[in-house]
Amino acid sequence: MQSRMHNPAVVLPDAMPAIQTLFKAVHSGGVDAQTLELVHLRVSQINGCSACVDGGAKSARKAGVGDERLAAVAAWREAPYFTEPERAALALAEAATRLADRPDAVSDEVWDATATHFDEKQLAALVLMIGVTNLFNRLNAATRQIAGAWG
């Protein structure tokens with residue numbers, strides 16, 4: 001596979017700093033880094049973004065996520081390795097990524113379950129992480145970015 005172009009966030013000089021500012025805001029929201037990395041990884045798996053799955057697995061390991069949990073994140077509902085807050089965040093990530101799959105994309109049930117574990121600032125961080133991950137997944141998929149090419 002060969003990429004179609006450099007990543008658009010790098011081609012336009014103002015794009016990457018703006019995205020990095022969003023990531024900085026996400027990480028200041030009070031959500032555990034492991035949870036954020038699991039959310040990023042799951043969203044990237046759903047979207048089939050090999051570059052983000054590769055990078056996400058590496059980032060998750062750096063945040064302390066073990067191989068057992070990394071291997072099971074795609075099947076988090078059936079795996080015993082995730083906390084209730086992580087499960088709620090992963091459910092929100094799936095719902096907010098698969099918007100067209102159901103009429104009420106993010107149901108009250110999913111939102112309320114997440115809100116029992118995270119305050120408003122943390123919810124904002126989760127929603128932003130989901131959104132930024134979806135952005136990167138779309139940039140990478142459209143331009144066929146290569147897994148591992150960013151280092």
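Which helix does E94 lie in? E94 lies in helix α6, and that helix is where I'd like to spend most of my time today.

Quick housekeeping. This is a predicted model, so local features need pLDDT of at least 70, side-chain atom pairs count only at pLDDT 80 or more, and totals for chains, interfaces and linings use all residues. Residues are numbered from 1 along each chain as its sequence is written, and side-chain values use heavy atoms, with hydrogens and water left out. When I say helix, I mean a DSSP run of H or I with at least four residues, numbered from the N terminus.

OK, α6. It covers residues 84–97, 14 residues in total. The expected span of a helix is 1.5 Å times one less than its number of residues, which gives 20 Å here, and the end C-alpha atoms are 20 Å apart, so the two agree.

Now, how many of the residues of α6 are buried? Eleven of the 14, so α6 is largely enclosed by the rest of the structure. Buried here means under 20% relative accessible area, exposed means over 50%, and partly exposed is in between, with a 1.4 Å probe and protein chains only. The buried set includes E86, R87, E94 and T97, along with alanines such as A88 and A89. What do they pack against? The buried residues of α6 pack against α3 (33–47), α5 (67–72), α7 (108–115) and α8 (120–143). Contact, by the way, means heavy atoms within 4.5 Å.

Back to E94. Its relative accessible area is 4%, so E94 is buried. Leave aside the neighbours within four places in sequence, and E94 is in contact with R42, I46, W76 and R77.

That brings us to salt bridges. The rule is a side-chain nitrogen of Lys or Arg within 4 Å of a carboxyl oxygen of Asp or Glu, and by this rule the count comes to seven. Let me walk through some of them.

Start with E86 and R69, whose side chains meet in a salt bridge at 2.8 Å, N to O. E86 sits in α6 and R69 in α5, so this pair ties together parts that are 17 residues apart in sequence. Both E86 and R69 are buried.

Then there's D54 with K58, where the closest N and O atoms are 3.1 Å apart. These two are four residues apart in helix α4 (residues 50–62), so about one helical turn separates D54 and K58. D54 is partly exposed at 25% relative accessible area, and K58 is partly exposed too, at 37%.

One more pair: D101 and R98, with closest N and O atoms 3.9 Å apart. D101 counts as exposed, at 55% relative accessibility, while R98 is partly exposed at 30%. And our friend E94 turns up again here: salt bridges that share partners join R42, R77 and E94 into one network.

On to the nonpolar side. A nonpolar core is a set of buried Ala, Val, Leu, Ile, Met, Phe, Trp, Tyr and Cys residues joined through side-chain atoms within 4.5 Å. The largest one has 28 residues, and those with the most contacts inside it are V39, F82 and L126. α3, α5, α6 and α8 each supply at least two residues of this core. Which helix gives the largest share? That's α6, with six residues.

Take V39: not counting residues up to four places away in sequence, V39 touches A89, L90, A93, L126, M129 and I130. Apart from this core lies another, of nine residues, among them C49, A51, C52 and F136.

Two more residues to click on. A72 lies in helix α5 and counts as buried, at 10% relative accessibility. Outside the four-place window in sequence, A72 touches A79, Y81 and F82. A72 and F82 are ten residues apart in sequence and 9.3 Å apart in space, C-alpha to C-alpha.

The other one is T114, in helix α7. Is T114 buried or exposed? Buried, with a relative accessible area of 0%. With the same four-place window left out, T114 touches A88, L92, L123 and L126. A88 and L92 are among the buried residues of α6, so to speak where we came in.

That's what I had. Happy to pull any of these up on the screen.
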